[in-house]
Amino acid sequence: MPSPQAPDTSDLPAIVLATLNAKYSHASLGLRYLAANMDLHGGAGLRARTQLREFVIQQRPVQIVESLLALNPKVIGLGVYIWNVVETTQVVRLLKTLRPGIKIVLGGPEVSFETGEQEICRLADHVISG
């Protein structure tokens, strides 16, 4: 009897870069800059395994988490700003509850200071500041 083959995950992203915008018209330039430089700073081919996902703060956190987890990434990087920190905290909490092994990396102006005092920073695996 042949052994079952593992599903092909080569088309799934290793990394998802995401944020919650105030409106769709407020696209995140920071995420685009990071994505554009994945090969240069992360290694050849990493850009092809990186996807951008943008949401808006009016969406339900469960809907955002379902969308992110459907991509089955190893790492999710989230841009955190003053206008999305509450909603992004809810998203991170749900992600870590449903998939504790997923790596969460935070960046952005709202997490660049007082990292020890913020719940979102305690929930994440890594925080990039500065």
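**View 1. Leucine 106 and its partner across the strands β4 and β5.** In this predicted model, leucine 106 stands opposite valine 127, a residue of β5. The two strands involved, β4 and β5 (residues 126–127), pair in the parallel sense, and this pairing extends over 2 bridges. Leucine 106 also belongs to the largest nonpolar core, where it is listed among the residues with the most contacts inside that core. The strand β4 as a whole is mostly covered, since 4 of its 5 residues are buried.

**View 2. The pairing of β3 with β4.** On this pair of strands the sense is again parallel, and 5 bridges join β3 and β4. Two of the facing positions can be picked out by name: glycine 77 stands opposite valine 105 in β4, and isoleucine 76 has isoleucine 104 of β4 as its bridge partner. To pass from β3 to β4 the chain runs through α4, and the β-α-β crossover made in this way is right-handed.

**View 3. The open sheet and the helices that pack on it.** In what order do the strands of the open sheet stand? The 5 strands follow the order β2-β1-β3-β4-β5, with parallel pairing. Because β2 (50–56) and β5 stand at the edges and have a single partner strand each, one side of each is left without a neighbour in the sheet. The helix α3 packs on this sheet, where it touches β1, β2 and β3, and its direction makes about 170° with that of β2. The helix α4 packs on the sheet as well, touching β1, β3 and β4, with a direction that makes about 165° with that of β4.

**View 4. The largest nonpolar core and a second, separate one.** The largest nonpolar core holds 23 residues, and those with the most contacts inside it are Leu68, Ile76, Leu78, Leu95, Ile104, Leu106 and Ile120. At least two residues of this core come from each of β1 (15–21), α3 (61–70), β3 (75–79), α4 (85–98), β4 (103–107) and α5 (119–123), so that both strands and helices contribute to the core. A second core of 6 residues, separate from this one, includes Ile15, Leu31, Ala35 and Met38. Such grouping fits a general pattern, for nonpolar side chains tend to be buried together in soluble globular proteins.

**View 5. The surroundings of leucine 78.** Which residues does leucine 78 touch, when those up to four places away in sequence are not counted? Leucine 78 touches Ala18, Thr88, Val92, Ile104, Val105, Leu106 and Gly107. Among these contacts, isoleucine 104 and leucine 106 are also named, together with leucine 78 itself, among the residues with the most contacts inside the largest nonpolar core.

**View 6. Two threonines of helix α4.** Threonine 88 lies in helix α4, and threonine 89 lies in α4 too. Is threonine 88 buried or exposed? Threonine 88 is buried, because its relative accessible area of 0% is under the limit of 20%. Leaving aside neighbours within four places in sequence, threonine 88 is in contact with Leu20, Leu78, Val80 and Ile120. Threonine 89 is likewise buried, with a relative accessible area of 8%, and, by the rule that residues up to four places away are not counted, threonine 89 touches Glu119, Ile120 and Leu123. Isoleucine 120 therefore appears in the contacts of threonine 88 and in those of threonine 89.

**View 7. The aromatic pair of tyrosine 81 and tryptophan 83.** The structure holds 1 aromatic pair. The pair is formed by tyrosine 81 and tryptophan 83, and it is stacked, with 4.7 Å from centre to centre and 5° between the planes. Tyrosine 81 is buried, with a relative accessible area of 18%, whereas tryptophan 83 is partly exposed, with a relative accessible area of 41%.

**View 8. Two loop residues with a positive phi.** Asparagine 72 is placed in the loop between α3 and β3, and it has a positive phi of about 50° although it is not a glycine. With a relative accessibility of 40%, asparagine 72 counts as partly exposed. Glutamate 114 lies in the loop between β4 and α5, and glutamate 114 also has a positive phi of about 50° without being a glycine. Because its relative accessibility of 51% is over the limit of 50%, glutamate 114 counts as exposed.

Terms used. Residues numbered from 1 in each chain as written. Predicted model: local features only at pLDDT ≥ 70, side-chain atom pairs only at ≥ 80, totals over all residues. Heavy atoms only, no water. Core = buried A, V, L, I, M, F, W, Y, C linked by side-chain atoms within 4.5 Å. Buried < 20%, exposed > 50% of the residue type's maximum accessible area, 1.4 Å probe, protein only. Contact = heavy atoms within 4.5 Å. Pairing = 2+ DSSP bridges. Right-handed = clockwise from strand over helix to strand, strands pointing away. Axes fitted to C-alpha atoms, helices over the stretch in contact; angles between N-to-C directions. Phe/Tyr/Trp six-rings, centres within 6.5 Å; stacked < 30°, edge-to-face > 60°.
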